[in-house]
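User: Got a model open here and want a quick walk through it. Can you take my questions as they come?

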Amino acid sequence: MANAPKPTTAKKESSGSSIFASMSIVMCILVGILLWKFVMGDPANFEGGDPENGHPLPGNYFGMVYKGGYIVPLLMGLLLMVVVFSFERFFVIGKATGKGNVDTFVKKIQSLIGAGNVDSAIAECDKQEGSVANVIKSGLKKYKEMEVEAKMDTEQKCLAIQKDIEEATALEMPMLEQNLTVIATLVSIGTLMGLLGTVTGMIKAFAALSSAGSPDQAALANGISEALINTATGIATSAIAIVMYNVFTSKIDKLTYAIDEAGFSIVQTYASTHK
């Protein structure tokens, strides 16, 4: 019953993260639409001050992006999502890492428990803070509990320490991966939305070619421009999402490895010193 509050805390954190994710998605799409309509579609970016019928001024990229069509604001929203969720993951993973270098922290913990200074190792966890330190601290506290436990043999005590570390890991680590699914999804959605914009642009271009008499060159140019702008935005969104997803997964793998390494040292040290 002493561990009952932990799942409740995890559930509250998960609920808060879900609310943040939902609000961020809506806000990013809304901001993308507003940027497209009022910044890219500013009359000052077009000949004659007409965003709908006028051509973008020479070299004016905002006007060119506006002419990319109605898929562009959605793509801009997706790109903003990648940026927002990347900053959010950087903050969360940085907080989980703690105040110091994780590798140095783990080596110090291994050295302290090897010397039998469990209290000093716990104090080091308090200094480090973060998810990694919390998991290791939980294992060290269990280590101390097992030292005064008289009803269990050494093997049972080692299993109890290992189980405690695994439970603490199960409570701490999932928070690091929560919004990675959003970034992973944006990899595919960005490409597909860019492709959709490309197709709609090419449809307009071919419609201009199929008109009776000479082709409508303005409509043809707008169609091709729409296709290329959507393609470029979709590729950029997917490329950034792929890079950030790989960066974050590698950071999480490093933290998981650090926990496993420290946990193994705690269990092995107890087994070797309590035969």
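User: Gly190 to start. Buried or exposed?
Analyst: Buried. The model is predicted, and in it Gly190 has a relative accessible area of 0%. The cut-off for buried is under 20%, so Gly190 counts as buried.

User: Which helix is Gly190 in?
Analyst: Helix H9.

User: And what does Gly190 touch, leaving aside neighbours within four places in sequence?
Analyst: Gly190 is in contact with Leu75, Leu78, Gly234, Thr237 and Ser238. There is also a C-alpha separation to quote: Gly190 and Thr231 are 9.5 Å apart, with their positions 41 residues apart along the chain.

User: Let's do the core. Which members of the largest nonpolar core touch the most other members?
Analyst: Phe105, Ile136, Leu140, Ile161, Leu255 and Ile266. That core has 51 residues.

User: Which helices supply at least two residues of this core?
Analyst: H1 (5-40), H3 (71-97), H4 (102-114), H5 (118-128), H6 (130-147), H7 (154-172), H9 (180-209) and H10 (217-273).

User: Which helix gives the most to this core?
Analyst: H10, with 11 residues.

User: What is Leu255 in contact with, again leaving aside neighbours within four places?
Analyst: Ile93, Ala96, Thr97, Val102, Val132, Met173 and Leu176.

User: What other core lies apart from it?
Analyst: One of seven residues. Trp36, Tyr66, Val72 and Ile229 are among them.

User: Stay on Ile229. Where does Ile229 lie?
Analyst: In helix H10. At 14% relative accessibility, Ile229 is buried.

User: Its contacts, leaving aside the four-place neighbours: which are they?
Analyst: Ile229 is in contact with Met64, Val65, Gly68 and Val72. Val65 sits 164 residues away along the chain, yet the C-alpha atoms of Ile229 and Val65 are separated by 6.4 Å.

User: Switching to pockets. What volume does the second largest pocket have?
Analyst: About 280 Å³.

User: Which residues line the second largest pocket?
Analyst: Trp36, Pro51, Glu52, Tyr66, Lys67, Gly69, Tyr70, Lys204, Ala219, Asn222, Gly223 and Glu226. Trp36 and Tyr66 in that lining are also among the residues of the seven-residue core.

User: How does the lining of the second largest pocket divide into nonpolar, polar and charged?
Analyst: Five nonpolar, three polar and four charged.

User: Which helix gives the most to that lining?
Analyst: H10 again, with four residues.

User: Sanity check on H3. What should H3 span, and how far apart are its end C-alpha atoms?
Analyst: H3 has 27 residues, and at 1.5 Å a residue it should span 39 Å. Its end C-alpha atoms are 39 Å apart, so the two values agree.

User: What follows H3?
Analyst: Gly98. Its phi is positive, near 100°.

User: Which residue other than glycine has a positive phi?
Analyst: Glu129 is one of interest, with phi near 60°. For background, most residues other than glycine have a negative phi.

User: Where is the place of Glu129?
Analyst: In the loop between H5 and H6. At 38% relative accessibility, Glu129 is partly exposed.

User: Another glutamate, then. Glu88: buried or exposed?
Analyst: Buried, at 14% relative accessibility. Glu88 lies in helix H3.

User: What does Glu88 touch, not counting residues up to four places away?
Analyst: Phe20 and Asn179.

User: Now Lys251. Which helix?
Analyst: Helix H10. Lys251 is partly exposed, with a relative accessible area of 35%.

User: And what is Lys251 in contact with, leaving aside its neighbours within four places?
Analyst: Phe90 and Ile93. Phe90 is 161 residues from Lys251 along the chain, and their C-alpha atoms are separated by 9.7 Å. Ile93 also appears in the contact list of Leu255.

User: Last one. Ser24: where is it?
Analyst: In helix H1. Ser24 has a relative accessible area of 9%, so it is buried. Not counting residues up to four places away in sequence, Ser24 touches Val84 and Phe85.

Note on methods
Residues are numbered from 1 along each chain as its sequence is written. This is a predicted model: local features need pLDDT of at least 70, side-chain atom pairs count only at pLDDT 80 or more; totals for chains, interfaces and linings use all residues. Side-chain values use heavy atoms; hydrogens and water are left out. A nonpolar core is a set of buried Ala, Val, Leu, Ile, Met, Phe, Trp, Tyr and Cys residues joined through side-chain atoms within 4.5 Å. Buried means under 20% relative accessible area, exposed over 50%, partly exposed in between (1.4 Å probe, protein chains only). Contact means heavy atoms within 4.5 Å. On a 1 Å grid over the protein atoms alone, a cavity is a set of points where a 1.4 Å probe fits but cannot get out, and a pocket is an open set with protein on both sides within 12 Å along at least five of seven lines; lining residues have an atom within 4 Å of a point. Grid points are joined across faces, edges and corners, and a volume is the space filled by probe spheres set on the points. Ala, Val, Leu, Ile, Met, Phe, Trp, Tyr, Cys and Pro count as nonpolar, Asp, Glu, Lys and Arg as charged, and the others, Gly among them, as polar. The expected span of a helix is 1.5 Å times one less than its number of residues.
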